[in-house]
Amino acid sequence: MKSIRAVIFDLDGVIVSTDEYHFQAWKQLANSLGIPFGRESNDRIRGVSRMESLEIVLEKSGKRYSLEEKREMAERKNTYYRELLKRVSPSEILPGVIEMIKALKDRGVKIAIGSSSKNARAILRAVGLEDEFDVITDGNHVTRSKPDPEVFTIAAMRLGFSPEECLVVEDAEAGVEAGLAAGMSVLAVGAATGHPRATRLAENLSCVTVDELLLVESVCG
Ligand code: B16
Ligand code: MG
């Protein structure tokens with residue numbers, strides 16, 4: 001088995017708590033349409049694309065909508081979301097992220113972003129991390145959303161490593177599945193901590209040392 005030479009981080013819910021802003025923006029859209037949308041549906045939209053998330057939100061609507069109407073709704077949700085993103089600052093970087101990035105760089109391990117979000121660069125810029133990653137692969141580079149492995153496969157190719165040399169850090173069930181389907185090890189954090197097939201589990205990145213991340217199975221929290 002090859003050792004881990006690159007770590008590919010998901011963004012929303014792993015690097016920054018923007019997953020909460022996605023929820024609030026979808027909730028705002030759902031309220032305007034008179035559709036119930038609660039926290040119990042939120043885990044299902046983690047990691048999946050904007051249009052696929054919209055389909056999940058619309059499941060509880062009795063109405064059928066045209067593609068044009070759906071595009072307008074997705075655009076409106078993104079406008080709500082971008083408004084919420086204006087408050088994002090470095091203080092919203094999740095626990096252990098900065099320390100882990102530094103520790104990985106000190107080891108010479110390459111780091112990448114593998115996100116479904118088309119807003120990934122704007123978020124990384126807002127928290128001051130845009131220049132920290134060797135590669136940023138996001139929703140603008142893929143044709144298929146997680147749980148398809150495409151975003152992680154492209155990130156690994158751009159980094160120049162084979163899948164078994166890469167470890168993915170994910171907070172979404174769809175993202176854990178995507179990493180495993182890419183043939184990579186996966187550390188599941190946050191909402192995905194209970195995932196039965198993840199390679200490793202941790203409450204968040206502050207619960208894992210760089211040695212544990214790269215070498216040893218760890219459960220924490
Ligand atoms: P956008 P990640 C994902 O980001 C979010 O988890 C998911 O909720 C969102 O629908 C998706 O990005 C698309 O985001 O509307 O900004 O393009 O977790 O893969 O970093
Ligand atoms: Mg995520």
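**Ligand 1 and its surroundings**

Around ligand 1 there are 19 residues, and Asp12, Ser115, Ser117, Lys118 and Asn119 come nearest. This is a predicted model, where local features need pLDDT of at least 70, side-chain atom pairs count only at pLDDT 80 or more, and totals for chains, interfaces and linings use all residues. Side-chain values use heavy atoms, without hydrogens and water.

User: What makes a residue near ligand 1?
Analyst: One of its heavy atoms must lie within 4 Å of the molecule. For ligand 1, 19 residues are around it.

User: Why is the pair of Ser115 and ligand 1 called a polar contact?
Analyst: A polar contact is a pair of N or O atoms within 3.5 Å. A polar side-chain atom of Ser115 lies 2.7 Å from an oxygen atom of ligand 1, so the pair qualifies. The backbone takes part too: a polar backbone atom of Ile45 is 2.9 Å from a ligand 1 oxygen, and a backbone N or O atom of Leu11 lies 3.2 Å from one.

User: Which classes make up the shell around ligand 1?
Analyst: It has 4 nonpolar, 8 polar and 7 charged residues. Asp, Glu, Lys and Arg count as charged; Ala, Val, Leu, Ile, Met, Phe, Trp, Tyr, Cys and Pro as nonpolar; the others, Gly among them, as polar.

User: Which domains supply at least three residues each to the shell around ligand 1?
Analyst: Domain 1 (6–17 + 92–215) and domain 2 (19–87). Their bounds come from an automatic or database domain assignment.

User: Which peptide bond is cis?
Analyst: The one from Lys146 to Pro147, with omega near 20°.

Definitions and conventions:
Residues are numbered from 1 along each chain as its sequence is written. Chains are lettered from A and ligands numbered from 1 in the order in which they are written. A polar contact is a pair of N or O atoms within 3.5 Å; within protein, one must be able to donate a hydrogen and the other to accept it, and residues adjacent in sequence count only if both atoms are side-chain atoms.
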